[in-house]
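Q: I should like to learn how the features of a model of this kind are read. Could we take them one at a time?

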Amino acid sequence: MSAAERLEEPEDEVPLYAKRREVYPQAVSGVFRSIKWTVLCVTLGIYYFLPFVRWYRGPNAPDQAVLIDFPARRFYFFFIEIWPQEFYYLTGLLVLAALTLFLMNALAGRVWCGYLCPQTVWTDLFYAVERMIEGDRRERMKKSREPWDLERIAEKVLKHSVWLMIAWWTGGAWVLYFSDAPTLVRDLATFQAPVVAYVWIGILTFTTYTLAGFMREQVCLYMCPWPRIQAALTDEHALNVMYRYDRGEPRMSVKKAEQARSSGEIVGDCVDCNQCVNVCPTGVDIRHGAQLGCIQCGLCIDACDNVMAKVGRPTGLIGYDTDANAKRREERQEPVYRIVRPRTVLYAALIVGIGALMLVSLLGRASLGVSALHDRNPLFVKLADGSLRNAYTVRLINKTLEERVYRLELVGLPQGTHIEAVGTTVSGERSVLAEVGPDRTRELRVLVTVPKGITEPSVPLSFRLTDIATGAQATVEDFFKGPGSGQ
Amino acid sequence: MAAEHDTVDKVTGKSTTGHVWDGIKELNNPLPAWWLYLFYITIVWGIGYVIAYPAIPLATTFTKGLLGYASRDVIEQDMEGLKAIRGESMIQLASAEPAKIVADPKLLGVARALGKAAFGTNCAPCHGQGAQGARSYPNLNDDNWLWGGTLADIKQTITHGIRNENAESRQGNMPAFGRDGLLPKADIPHVAAYVQKLAGRKVDGNFDLKKGEKLFAENCAACHGDAGKGMIEVGAPNLAADIWLYGGDHATIVETLTNGRGGVMPGWSGRLDAATINALTVYVHTLGGGR
């Protein structure tokens, strides 16, 4: 007896690898399908056409409503202009997005997954194309078993061409957010656009084509972290797409149900027609209860309602329900909906609070700014007449779209101190005038000279920046270093 | 694989190689076709690459490839491209007088940026990264200039240097009064003490300042001036400023008087182009001490 023959494998061992089951979702119509079509049109419409929306800001700034301008390091969003050092607004937006996701989850489970997620939306669009070209579920299943013929090849070519066009347009719209859209469209059409634009269009064409055309529900099942996190965040009062066991079971076919009813047996409403499984874009059976594969898009609700209407039973066998209510129904109690719960209140309060905080800081932010960097080497210079000089690199910031004239003023230090700055006009002993272009910063080499006699190693001082026109001010603090400061 | 070893694994449905170790069977998993074909493609690609591009090193040379590609050409193209980008500014920098550059805000910005980079490469080894200087290398931030602090003076110094073999370089020496016997050795400490007094320093020790003053007027004032204010034409430093190139303590001044001084700076006209020299001039001038 060889070793292999002696070692028998247990028959009930389940391998960790599961082969993919091809999903052929069937067309369906109904309330939730309509909602999904609407959301699809609105979200894709925003994504594809937003770059073309114009927003006039004046002659010194781009007139694209939403623009991420990498070369100039600016982000424009309608009336908002963000500089790189204000990137924390993006952090705030991401915090808000996460909290909104949590709130949606607390109210109605995976609303995001079912209606809004780009993976869902684009996959839905790709399925619509597939259905239009290759036919509905049964036809597609039949064709996939049949040998190839010319008609099938033609269909496949057409389908993949349309998919690639959508994917290409998706990538094309993406790059329009990073440059002036009409100009870039013209440059792309005449092959004069920068290489990086074509590369990114290529990348997004590839990802859209593979993710929405081939990977589809596998992204939700294997790649996406949200279903895992969502399961840990949810509670028994969140609305989920659910099958009502109390009404549906025991399930049996329409004919059997009629016989059983006439003989007075207890009969469930589920006629086991499998329509809920057939329309599901991830191929799950909702009657097994809440599960990782269910993105809660509500299409099974539409399918079941249509069937219930046909067989003359009340609709709502599958519907939005809560775990708590499922339990209550089993115990023949009235369902209770608790929208106001500690977690929904907390999430909503956090969203409002953080949103208000961001808005206040956005509206109250200064349009001018000043920063100073003391020369490190040398820390100070002794001049021929015995006076001491420190040099600073001072940066003036002008966030408005007009050129401004600033007065940079020295505050502190003894009498007789004077400042000068390379390339500026001196206006009095302690201040200089400097023009700063629209939406720009200007770096100045500022020299502060203190007359002979200063003995402290380090004296605090500040630079005060004043906009001559408006009187707006900004201040930065620094030090004047002398002998004994370690050099 | 011998046929008698072919068995089928129950779980995966795949054939095995027939090898078993401690009950673990080896599945017969050939390389995926796509991987294998990619591998073949890379081989074909590699052969094509060797033919088209420089690839194989030979004893003294290397195979050049049919496309005539050379990475040095690419660098040269890049450098040409850089020149094209800088173009207009560099031409203006090269041709304009430093005073014109300082008056033009845009050119001033370019000159200071270029000057800072050039200073870091060429001047910082002696004068320091911030031009703060060191013993025997002057600080360029102050307004105490040995050879003049105007734009023209600075440009002249950078172009031709100081006390080097170039005839146009700055000339002028501090004589070795002690070593060459110009002053009796015993008198030198008194002169040194007087120089310290000129700079406003406290004089320690028992020195004859009157004698020092007399000797200074006879021997030193010709270059350094009666009040010790210096003379930039010969590079004689201002002794009254209390800013020292070699040191202001008594012993160092005695050493200076005894052996003389003659620091050297190379001329840069042969190594740097006109635009860079102008940029350096403006940069040094705008460090703070320019006159």
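**Reading the model, feature by feature**

A: In chain B, 27% of the 291 residues count as buried. Please keep in mind throughout that this is a predicted model.

Q: What is the pattern of helices and strands in chain B along the sequence?

A: Along the sequence, chain B reads β-β-α-α-α-α-α-α-α-α-α-α. Chain B therefore has two strands and 10 helices, and its radius of gyration of 36 Å is well over the 19 Å that the globule rule gives for 291 residues, so chain B is more spread out than a compact globule. Along the principal axes, the C-alpha atoms of chain B fill a box of roughly 120 × 55 × 40 Å. Among contacts in chain B between residues at least 6 apart in sequence, 55% join residues at least 24 apart.

Q: How is the pairing of two strands read, and how many bridges join E1(B) to E2(B)?

A: In general, strands of a sheet pair through backbone hydrogen bonds, in either a parallel or an antiparallel sense. Here, strand E1 (residues 16-21) of chain B and strand E2 (residues 24-27) of chain B run antiparallel and are joined by three bridges. Within this pair, Val20(B) has Lys25(B) in E2(B) as its bridge partner. The two strands form a hairpin with two residues between them, and Asp22(B) in the turn has a positive phi of about 50 degrees.

Q: How does one find the buried side of a helix, and which residues of H9(B) are buried?

A: The general idea is that an α-helix has 3.6 residues a turn, so residues three or four places apart point the same way. In helix H9 (residues 250-259) of chain B, the buried residues are Ile253(B), Thr256(B) and Leu257(B). These residues lie on the same side of H9(B) because they cover an arc of only 95 degrees around the axis. Helix H6 (188-198) of chain B is included in what covers the buried residues of H9(B). Just after H9(B), Gly260(B) takes a positive phi of about 75 degrees.

Q: How is the strand order of a sheet read, and which strands of chain A are at the edges?

A: One lists the strands in the order in which they pair. An open sheet of five strands in chain A has the order E11-E12-E9-E14-E15, with antiparallel pairing. Its edge strands are E11 (425-426) and E15 (473-481) of chain A, each of which pairs on one side only. Within the sheet, strand E9 (residues 404-411) of chain A runs antiparallel to strand E14 (residues 458-467) of chain A, and six bridges join them. Leu408(A) has Leu465(A) in E14(A) as its bridge partner.

Q: In strand E4 of chain A, which residues point one way and which the other way?

A: From strand E4 (residues 240-243) of chain A, Asn240(A) and Met242(A) point one way, while Val241(A) and Tyr243(A) point the other way; all are buried. E4(A) pairs with strand E5 (residues 318-321) of chain A in the antiparallel sense, over four bridges. In that pairing, Met242(A) stands opposite Gly319(A) in E5(A).

Q: How is the environment of one residue judged? Is Arg389(A), for example, buried or exposed?

A: One counts the C-beta atoms around the residue. Arg389(A), found in strand E8 (residues 388-398) of chain A, counts as buried because it has 23 C-beta neighbours inside 10 Å. Leaving aside neighbours within four places in sequence, Arg389(A) has contacts that include Phe380(A), Leu447(A) and Gly288(B).

For a second case, Val129(A) lies in helix H5 (residues 118-134) of chain A. Val129(A) is partly exposed, because 19 other C-beta atoms lie within 10 Å, whereas 20 or more would make a residue buried. Val129(A) and Trp163(A) are 34 residues apart in sequence, yet 7.6 Å apart in space, C-alpha to C-alpha.

Q: How are the parts of an assembly related, and how many residues does each chain give to the contact?

A: One counts the residues on each side and sorts them by class. The contact takes 20 residues from chain A and 22 residues from chain B. The side of chain B that touches chain A has 12 polar, six nonpolar and four charged residues.

Within chain A, the domain assignment gives domain 1 (31-85 + 112-225) and domain 2 (368-481). The centres of these domains of chain A, taken over C-alpha atoms, are separated by 51 Å. Five residues of domain 1 of chain A are in contact with four residues of domain 2 of chain A.

Terms used: Residues are numbered from 1 along each chain as its sequence is written. Chains are lettered from A and ligands numbered from 1 in the order in which they are written. This is a predicted model: local features need pLDDT of at least 70, side-chain atom pairs count only at pLDDT 80 or more; totals for chains, interfaces and linings use all residues. Two strands pair if DSSP finds at least two bridges between them. Two residues are in contact if their C-beta atoms, placed from the backbone, lie within 7 Å. Ala, Val, Leu, Ile, Met, Phe, Trp, Tyr, Cys and Pro count as nonpolar, Asp, Glu, Lys and Arg as charged, and the others, Gly among them, as polar. A residue is buried if 20 or more other C-beta atoms lie within 10 Å of its own, exposed if 12 or fewer, and partly exposed in between; C-beta atoms are placed from the backbone. The arc is that of the directions from the helix axis to the C-beta atoms. The radius of gyration is taken over C-alpha atoms; the globule rule is 2.2 Å times the number of residues to the power 0.38. Domain bounds come from an automatic or database domain assignment.
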